[in-house]
Amino acid sequence: MDLKSYIARRLLLAIPTILGVTLIVFFISHVVPADPALVWAGGARARPEQVEQIRQLYHLNEPIWKQYVIFLSDLVRGDLGISPVTGRPVIEDIKTYFPATLELTIFAIALAILIGIPLGVLSAIKKDSPVDHSTRIFALSGYSMPIFWLGLILQLVVYYYLGLVPDPGGRVNTQVYISSEFKTYTNMYLIDSLIQGRFDVFFDALQHLILPGFTLAYATAAIIARMTRSSMLEVIRQDYIEFARARGLPERVVIYKHALRNAMIPTVTVVGLSFGGLLAGAVLTETVFYWPGIGRYMVGTINTLDFPALMGGTILIALVFVIVNLLVDILYAIIDPRIRYG
Amino acid sequence: MDTVSTGDIEKLLRVNELYINFYTYEGVVKAIDGVSFDIHPNETFALVGETGCGKSVTARAILRLIPTPPGKIEGGEILFNGVDLLKIPEKEMLEYRGKKISMIFQEPMTSLNPVFTVGDQLVETIALNQKVSKEEAYNIALKMLERVRIPDAENAMTKYPHEFSGGQRQRIVIAMALSCNPSLLIADEPTTALDVTVQAQIINLMNELQKNMGTSILLITHDLGVVAEMSDRVAVMYAGNIVELGTTSVIFEKRYHPYTQGLFNAIPVFGKGKQTRLEEIPGSVPNLLYPPPGCRFHPRCPHVMDICRKEKPELIELEPGHYVRCHLYR
């Protein structure tokens, strides 16, 4: 099977996956013993006719299966509905919040790869050396440290004591943003600023990204480092590595070309899985750094029983997981020709 | 002194009094215990012995491929064209590996990197070792593949190792190893993992290439059939020692050392029928953490004498060029 039809088939398979996710989340969220209309209308002081009006508007009086059918028929028309809480179309809210998280996550995953893979390789080829031991300590603290605590400590040390980064709050210095005609195309500031050649905004956004990015990246970098180490150790015992040495290849070619490519396969899995996880789970980092991202937005939707936004966000995250998994599978086949699409 | 002198004949490789230990958690494994031999230009020299006797370790030591730690070369010389390979820096060693001395391994299935094409690996080796451009390297690679009779060489260059059979892969490995015209090819069990018919093809191929290219071969094997078909001279190894060394014809005919005799008696002979049991050498290969004192073979030897338990026998030249390490022939 060729790549195109493989991708097409996988995307088709994504439809039942996402439907399944919506089904589960829809029913679980709608059976909570609370009255969303009352919450949306403003709580106990809301006038009953107002509450009733909201119920009508959002079909809350219909049986739950009918509500789901209405939701689905809107969905296939590309309509995610209007958030009763923000009063805006859900799709607009997502366009605002999702790129912020996407930018943070991509930055974090890039950082995690840049830190994790070299550390993993180094500790594998220098097994049981001081380098290996310090990497182990780095990794252990990486996945045992609570993210919010790490974020707070980093703020305290890097911002408050050392003053190396600007005020940790938000994605960019409001002065920079407001006082200039900065346009947002993708709503990812690093990209938008580069498109417009606004390097001042670029560096400002980058400075704002560093701490939350590192906070989010640390645990993943730790896992990548450990994973790379163990698969490297496995690979460098293989016959083809010895044969590569016997062929007269210098050690750096043996390690970084012949061993690393083979060791990357498990690492790619981890990176792919973490990417989805980071995206959906950035909420702690977002909260600590006042990052206006989709994680915080989603937590808000749960607190306010904002069903349309909750469903919209759920679909989005499910979609990201599906796409990332597909990318990982394609990447496998690129790295290892023995894996064929099937 | 254990010296194996082969007179005035020019020597390509001279391994002299090699000692190698492995430092493990359980203790020191004395894997190679004073091994000496010479390889002449244009000859095939076989190292024969059971698994674990140290033949592969000896071969890897020549290319300095022994992982250190746990392995350590404790003493001896490995003279290649008069240069002691154990004394030169690692960087200079790259001038020997793959260029003057090549090595092929037992498992053709796993000798090639699965994630790069055959062409990529061939071109990489040739370009690096012969310091030629990628295009030139590509042409040399094509010629080498044709030489080892890989059909449709051009197409084969774009394929990955898993798309070839075991025999074809071993041919590709041989092509890679011989691409830089080495003066010595170390072949570590090159046919063990192959089917018998394919074995014969590979043996013929290696014999032919050796004749045409003038490469000496150090053949590591436990298969006396392969030895008979390929080698000019043989050294029989047991537990880190060479116990008998001589021309293939003399060894096959006379077999002085009790271990060599045992090795030959363990070969099934066609026509003898199923009634006769194969003779086996009693006991098992000694644990080299605690090698037996004296002659390392004495616990299994049918002719064991008192002296065998106390004193390590010297290599004795029984006939010109034929050496045996055994107290029986003192």
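Domain bounds, as used here, come from an automatic or database domain assignment. On that basis chain B is divided into domain 1 (13-100 + 183-269 + 277-329) and domain 2 (110-181). The model is predicted.

**Exercise 1. Describe how the two domains of chain B sit against each other.**

Step 1. Take the centres. The C-alpha centres of domain 1 and domain 2 of chain B lie 29 Å apart.

Step 2. Count the contact residues. Domain 1 of chain B gives 14 residues and domain 2 of chain B gives 12 residues.

Step 3. Find the main contributor on the domain 1 side. That is α8(B), with 7 residues.

Step 4. Sort the domain 1 side by residue type. The side that touches domain 2 of chain B holds 10 nonpolar, 3 polar and 1 charged.

**Exercise 2. Decide how enclosed helix α7 of chain B is, and name what surrounds it.**

Step 1. Check the geometry. Helix α7(B) covers residues 166-178, 13 residues in total. From first C-alpha to last, α7(B) reaches 18 Å, close to the 18 Å expected at 1.5 Å a residue.

Step 2. Apply the burial cut-off. A residue is buried if 20 or more other C-beta atoms lie within 10 Å of its own. In α7(B), 11 of the 13 residues are buried, so the helix is largely enclosed by the rest of the structure.

Step 3. Name the buried residues. Among them are B:Arg169, B:Arg171, B:Ile172, B:Ile174 and B:Leu178.

Step 4. List the packing partners in chain B. The buried residues of α7(B) pack against β6 (101-104), α3 (108-111), α4 (118-130), α5 (134-147), β7 (184-188) and α8 (196-213).

**Exercise 3. Trace the largest nonpolar core.**

Step 1. Start with the best-connected members. The core has 155 residues, and B:Ala175, B:Ile186, B:Ala187, B:Leu218 and B:Val236 touch the most other members.

Step 2. Ask which element gives the most. Helix α10 (residues 199-235) of chain A does, with 17 residues.

Step 3. Check the domains. This core draws at least three residues from each of domain 1 and domain 2 of chain B.

Step 4. Look around one hub. Leaving aside neighbours within four places in sequence, B:Leu218 is in contact with B:Ile39, B:Phe45, B:Leu47, B:Ala59, B:Leu184, B:Ile186 and B:Ala187.

Step 5. Look for another core. A second, separate core of 8 residues includes A:Phe26, A:Leu305, A:Ala309 and A:Leu310.

**Exercise 4. Characterise the contact between chains A and B from the chain A side.**

Step 1. Count both sides. Chain A supplies 19 residues and chain B supplies 22 residues.

Step 2. Assign the chain A residues to elements. Those giving two or more residues are α11 (239-246) and α12 (251-281) of chain A. The largest share, 7 residues, comes from α11(A).

Step 3. Sort by type. The side of chain A that touches chain B has 8 nonpolar, 4 polar and 7 charged residues.

Step 4. Set chain A in context. Its secondary structure comes to 15 helices and 0 strands. The C-alpha trace of chain A spans about 85 × 55 × 40 Å along its principal axes. Of the 342 residues of chain A, 37% count as buried.

**Exercise 5. Work out the strand order of the open sheet in chain B.**

Step 1. Write the order. The 4 strands run β2-β1-β4-β5, with antiparallel pairing.

Step 2. Identify the edges. They are β2 (28-39) and β5 (83-84) of chain B, each pairing on one side only.

Step 3. Inspect one pair. Strand β4 (residues 71-80) of chain B is joined to β5(B) by 2 bridges. B:Leu79 has B:Asp84 in β5(B) as its bridge partner.

**Exercise 6. Classify two arginines, A:Arg296 and B:Arg255, as buried or partly exposed.**

Step 1. Place A:Arg296. It is found in helix α14 (residues 294-303) of chain A. A:Arg296 counts as buried because it has 20 C-beta neighbours inside 10 Å.

Step 2. Find its contacts. Not counting residues up to four places away in sequence, A:Arg296 touches A:Val283, A:Glu286 and A:Thr287. The C-alpha atoms of A:Arg296 and A:Tyr97 are 199 residues apart along the chain, yet separated by 8.8 Å.

Step 3. Place B:Arg255. It lies in the loop between α10 (248-254) and α11 (258-265) of chain B. B:Arg255 has 19 C-beta neighbours inside 10 Å, so it counts as partly exposed.

Step 4. Find its contacts. Leaving aside neighbours within four places in sequence, B:Arg255 is in contact with B:Thr260, B:Gln261 and B:Phe264.

Note on methods:
Residues numbered from 1 in each chain as written. Chains lettered and ligands numbered in written order. Predicted model: local features only at pLDDT ≥ 70, side-chain atom pairs only at ≥ 80, totals over all residues. Expected span 1.5 Å × (residues − 1). Buried ≥ 20, exposed ≤ 12 C-beta atoms within 10 Å, placed from the backbone. Contact = placed C-beta atoms within 7 Å. Nonpolar A, V, L, I, M, F, W, Y, C, P; charged D, E, K, R; others polar. Core = buried A, V, L, I, M, F, W, Y, C linked by C-beta atoms within 7 Å. Pairing = 2+ DSSP bridges.
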